[in-house]
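Work through the following exercises with the sequence and the model side by side. Each task is followed by a solution that proceeds step by step.

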Amino acid sequence: PNFDMRINSRLLSPSEKDPVKAGENVLCKGIAWNDGTATIDSVDVSRDKGKTWIATELARSVGPYAVREWSISLKLAKGDHEIWVKATDAFGRTQPIDGGIFWNPGGYAWNGIDRVTIKAV
């Protein structure tokens with residue numbers, strides 16, 4: 001078990017290095033995890049820096065200590081889009097806007113909302 005592992009999520013695809021086609025549905029995929037004491041209940045994305053959130057589709061859980069895959073299809077206009085990602089578990093724990101509140105020298109406890117800039121061309 002990952003005792004004391006704080007809830008976390010990441011956008012894995014597309015990456016900041018991979019421009020996507022503007023106006024088409026872009027499949028965004030990632031993972032979420034925590035300490036395994038509660039299931040990941042939701043992963044949400046924001047396209048407006050946290051003002052509104054959109055629920056993603058969660059893959060079936062394969063166990064309490066496994067990462068949980070998620071996906072969402074987004075239509076993006078031409079330009080740069082900062083996508084924020086946050087997970088919430090059954091205990092109501094969610095990622096903070098600023099993961100620095102749990103900072104340590106190795107960076108292992110950082111769990112702030114993931115922010116990825118995607119370029120639509």
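**Exercise 1: a salt-bridge network**

The side chains of Asp-89 and Arg-93 meet in a salt bridge, with 2.7 Å from N to O; the term stands for a side-chain nitrogen of Lys or Arg within 4 Å of a carboxyl oxygen of Asp or Glu. This is a predicted model, in which local features need pLDDT of at least 70 and side-chain atom pairs count only at pLDDT 80 or more, while totals for chains, interfaces and linings use all residues. Residues are numbered from 1 along each chain as its sequence is written, and side-chain values use heavy atoms, with hydrogens and water left out.

Task: find which residues salt bridges that share partners join into one network with Asp-89, and state how buried or exposed each of them is.

Solution.
Step 1. Asp-89 has a relative accessibility of 2% and counts as buried, where buried means under 20% relative accessible area, exposed over 50%, and partly exposed in between, with a 1.4 Å probe and protein chains only.
Step 2. Salt bridges that share partners join Asp-35, Asp-89 and Arg-93 into one network.
Step 3. The closest N and O atoms of Asp-35 and Arg-93 are 3.1 Å apart in their salt bridge. Because Asp-35 lies in the loop between E2 and E3 and Arg-93 in the loop between strand E7 (79–89) and strand E8 (114–120), this pair ties together parts that are 58 residues apart in sequence; strands (E, at least two residues) and helices (H or I, at least four) are DSSP runs, numbered from the N terminus.
Step 4. Asp-35 is buried at 10% relative accessibility, whereas Arg-93, with a relative accessible area of 30%, is partly exposed.

**Exercise 2: a salt bridge between two strands**

Task: which residue forms a salt bridge with Lys-119, and which strands hold the two partners?

Solution.
Step 1. The partner of Lys-119 is Asp-80, and their closest N and O atoms are 3.1 Å apart.
Step 2. Lys-119 lies in strand E8 and Asp-80 in strand E7, so the pair ties together parts that are 39 residues apart in sequence.
Step 3. Lys-119 is partly exposed at 42% relative accessibility, while Asp-80 is exposed, with a relative accessible area of 51%.
Step 4. The count of salt bridges comes to 4.

**Exercise 3: an open sheet and its strand E6**

Task: in what order do the 4 strands of the open sheet follow one another, and which side chains of E6 are buried?

Solution.
Step 1. The order is E1-E2-E6-E5, with antiparallel pairing; two strands pair if DSSP finds at least two bridges between them.
Step 2. Strand E1 (8–13) and E5 are the edge strands, since each pairs on one side only.
Step 3. E1 and E2 are joined by 5 bridges, and in this pairing Leu-11 stands opposite Gly-30 in E2.
Step 4. Strand E2 (residues 25–33) is joined to E6 by 8 bridges, and Lys-29 has Ser-71 in E6 as its bridge partner.
Step 5. Strand E5 (residues 57–58) pairs with E6 over 2 bridges, and Leu-58 stands opposite Trp-70.
Step 6. In a regular strand the side chains alternate between the two faces of the sheet. Along E6 (residues 68–75), Arg-68, Trp-70, Ile-72 and Leu-74 point to one face and are buried, while Glu-69, Ser-71, Ser-73 and Lys-75 point to the other and are not.

**Exercise 4: backbone features in two loops**

Task: where is the cis peptide bond, and what is the phi of Lys-49?

Solution.
Step 1. The cis peptide bond joins Ser-13 and Pro-14, with omega about 0°, and Pro-14 is found in the loop between E1 and E2.
Step 2. Lys-49 has a phi near 55°, a positive value in a residue other than glycine.
Step 3. Lys-49 sits in the loop between E3 and strand E4 (54–55), and is exposed, with a relative accessible area of 55%.

**Exercise 5: a buried aspartate**

Task: which residues is Asp-44 in contact with, leaving aside its neighbours within four places in sequence?

Solution.
Step 1. Asp-44 lies in strand E3 (residues 40–46) and is buried at 14% relative accessibility.
Step 2. Its contacts (heavy atoms within 4.5 Å) beyond those neighbours are Trp-53, Ile-54, Ala-55, Thr-56, Trp-84, Val-85 and Lys-86.
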